[in-house]
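Colleague: I am new to this one. Please show me the structure, and then I will ask how you justify your terms.

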Amino acid sequence: MPTSAVPVSQSERAALADLLEQLGPDRPTCCEGWATQDMAAHLVVRDRRPDAMPGFVLGGPFARWTGRVHGRARARQDYDRLVDELRSGPPAWVPTSWPAVDRLVNTAEMVIHHEDVRRAQPGWAPRELPRTVQDQLWRSVPVLARGRASQRPTAGLLVRRSDVPDGSAGSERRLHDGEPTTTVTGAPLEVLLWVSGRREVACVDLTVD
């Protein structure tokens with residue numbers, strides 16, 4: 001469980017590494033076509049291969065190089081080593097190891113991929129995260145939604161928090177204009193999963209105006 005004493009990016013990294021270690025390399029994840037070995041390799045490449053980062057962000061021709069780097073990491077590295085490298089995080093010379101950058105770019109990433117692994121296993125249940133953590137995830141929702149802009153429909157999209165009183169300041173955000181408007185209501189973690197494409201496992205309510 002994340003606490004205020006440890007950044008969410010770090011507590012989620014540790015929890016994800018623990019879960020991957022427990023499950024082994026061949027269990028499913030919510031990322032289509034990826035087993036736990038693929039997930040571990042993806043996160044290690046993201047931590048340790050800055051040359052692969054443009055493929056994660058920009059796609060296109062950059063994604064082909066990133067895919068090759070990921071494939072080599074998956075094929076050549078022992079699963080236990082991948083999990084150990086994920087647990088230890090990026091080396092000091094990589095900017096994502098710096099605390100401020102880590103919090104900015106790794107908080108949502110670690111939470112989402114932790115849920116990708118958790119929710120692909122039998123008997124999973126939604127987690128109740130502290131309000132401070134949910135607040136951080138809520139701030140990430142528009143960022144994730146913009147990152148998937150090319151996959152959004154032309155209709156409107158409104159997101160609304162269910163863990164605060166109705167009408168609270170900042171409790172809803174319009175992410176896309178258009179008609180009709182789909183309203184997605186849930187805890188920030190669940191809305192974050194929905195806007196990032198995990199719609200089958202996100203515990204949200206949908207209404208269309």
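Modeller: Four bridges link β1 to strand β2 (residues 172–176), and the two run antiparallel. Leu158 stands opposite Arg174 in β2. This is a predicted model: local features need pLDDT of at least 70, side-chain atom pairs count only at pLDDT 80 or more, and totals for chains, interfaces and linings use all residues. Residues are numbered from 1 along each chain as its sequence is written, and side-chain values use heavy atoms, leaving out hydrogens and water.

Colleague: What makes β1 and β2 a pair?

Modeller: Two strands pair if DSSP finds at least two bridges between them. Here there are four, so β1 and β2 pair.

Colleague: How do you know that β1 pairs with β3?

Modeller: By that rule again: six bridges join β1 to strand β3 (residues 181–186), so they pair. These two run parallel. Arg161 stands opposite Gly186 in β3.

Colleague: Why is β1 called a strand?

Modeller: Strands are DSSP runs of E, at least two residues; helices are runs of H or I, at least four; both are numbered from the N terminus. β1 spans residues 156–161 and has six residues, so it fits the strand rule. The protein chain has eight helices and four strands.

Colleague: Why is β1 called mostly covered?

Modeller: Buried means under 20% relative accessible area, exposed over 50%, partly exposed in between (1.4 Å probe, protein chains only). Five of the six residues in β1 are buried, so the strand counts as mostly covered. Across the 209 residues of the protein chain, 46% are buried.
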